[in-house]
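Biologist: I would like a close look at one part of this protein, then its surroundings. Please take me through it step by step.

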Amino acid sequence: MDPEELTGILFDIQGFSVHDGPGCRTLIFLKGCPLSCRWCSNPEGKSRSPEPLYRRQKCTMDLLCLDACLHHAINVESDGLSIDRKKCYTCTTFDCMSACCSGAIQQGGYVISVSELYRVIQRDRQYWGSRGGITLTGGEPFFQPEFATAVLKQCHDAFVHTAAETCGDIPQSWLKPSLPYLDWLFFDLKQMDATLHKEWTGHSNHQILENAKWLAQSFHGRMVYRMTVIPGYNDQPEHSLKLARFISSTQRCEINLLPLHHLGREKYALTSRSYYTDSLTTPSLDSLLNMKKIIEKEGVTCYIGSETPF
Ligand code: SF4
Ligand code: SF4
């Protein structure tokens, strides 16, 4: 197949980002992620398939969608509708959305070809200035490896700066084909203890740490670690020390600490998921500065939030 006709599934494209690589960038959100981080701010990126997003506030309960859905995925509950999402993952018609006149059901995720996406990238290119480019994120961008590689290659061949953010929990063979076309890589770390990692994300950190070590050696672009700081989970001094020593051992000595936020909370209801992290506070500036101090003592440069040099 012509690589330009390859298709992928996105759930968003955002222009004018200034925090995810050098300059002004277009962020491309790919659907699908192997992890289930409790604090994820993009729950609509978790499933690899397009899915309905249901807004109870807009729903008039006329039940037109219920009749339209051939998969019988919609049920009436006392406080609105519930949707059996397992049935939606194999749905290709999305009749519920066509039937809904109030905009209460909207499509989360859509199929797009490499050439269609590249047209969007070309449109945005005029706004980037000299340093910008694209950043693939998600979800986990390399969960759709062929599509990610084709997009990165097309951009790379056209001298577009390319970056991606990965959770790292994927086979090396999914990442490897993209590496020649990638200028920057943000590599997410969450927790150095394997048990705690599994408890909060659904998977151990084993493959992630192995991939970090492998990429540090084999990726020739700039690699910056990232970690969402969650008070009580990964902000303790002993964890910061362990984290810094691991990073230092890979000789890619940059990390960007991102304070936990709750901006994704509303999206959990739209995708019928429970939000477990309401009770968690965002870290204080003092605690972030304390982490920075411990990390930098080990020779690792630490940026807090959006205060990055890029
Ligand atoms: S996405 Fe498809 S299966 Fe799911 S509720 Fe809508 S029509 Fe039914
Ligand atoms: S068609 Fe739309 S407004 Fe009517 S019940 Fe379904 S979601 Fe609600």
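**A close look at the core and beyond**

Modeller: Start with Ile-134. Leaving aside residues up to four places away in sequence, Ile-134 touches Arg-25, Thr-26, Ile-28, Ile-121, Trp-128, Val-151, Leu-152, Cys-155, Val-160, His-161, Thr-162 and Ala-163. Keep in mind that this is a predicted model.

Those contacts fit a wider picture. The largest nonpolar core has 63 residues, and Ile-134 and Ile-255 touch the most other members. Helix 5, residues 145-157, gives this core its largest share, six residues. Another core lies apart from it, with 15 residues. Tyr-54, Ala-73, Ile-74 and Phe-94 are among the members of that other core.

Now to a charged residue. Asp-169 sits in the loop between strand 9 (161-166) and helix 6 (172-175). Asp-169 is buried, yet has no salt bridge. Which side chain of opposite charge is nearest to Asp-169? That is Lys-46, 8.7 Å away. A salt bridge needs the nitrogen and the carboxyl oxygen within 4 Å, so a pair at 8.7 Å does not count. Asp-169 does have a polar partner. Its side chain joins that of His-203 through a polar contact of 2.5 Å. His-203 also appears among the residues that Asp-169 touches, alongside Pro-34, Leu-35, Gln-207 and Ile-208, not counting residues up to four places away in sequence.

Next, a serine in another loop. Ser-272 lies between helix 10 (265-270) and helix 11 (285-297). Is Ser-272 buried, exposed or partly exposed? Its relative accessible area is 46%, so Ser-272 counts as partly exposed. Not counting residues up to four places away in sequence, Ser-272 touches Ile-83 and Arg-85. With Arg-85 there is also a polar contact: the two side chains are joined at 2.9 Å. Trp-200 gives a longer view. Ser-272 and Trp-200 are 72 residues apart along the chain, and their C-alpha atoms are separated by 19 Å.

Last, the cysteines. How many disulfides does the structure hold? Zero. Two cysteines are worth placing by burial. Cys-69 has a relative accessible area of 12%, so Cys-69 is buried. Cys-91 counts as buried because its relative accessibility is 15%. The cut-off for buried is under 20%.

To recap: Ile-134 is one of the two residues that touch the most other members of the largest nonpolar core. Asp-169 is buried without a salt bridge, but has a polar contact with His-203. Ser-272 is partly exposed and has a polar contact with Arg-85.

Note on methods:
Residues numbered from 1 in each chain as written. Chains lettered and ligands numbered in written order. Predicted model: local features only at pLDDT ≥ 70, side-chain atom pairs only at ≥ 80, totals over all residues. Heavy atoms only, no water. Helix = DSSP H or I, 4+ residues; strand = E, 2+ residues; numbered from the N terminus. Buried < 20%, exposed > 50% of the residue type's maximum accessible area, 1.4 Å probe, protein only. Lys, Arg positive; Asp, Glu negative; His and termini not counted. Polar contact = N/O pair within 3.5 Å; in protein donor to acceptor, adjacent residues only side chain to side chain. Contact = heavy atoms within 4.5 Å. Core = buried A, V, L, I, M, F, W, Y, C linked by side-chain atoms within 4.5 Å. Disulfide = S-S within 2.5 Å.
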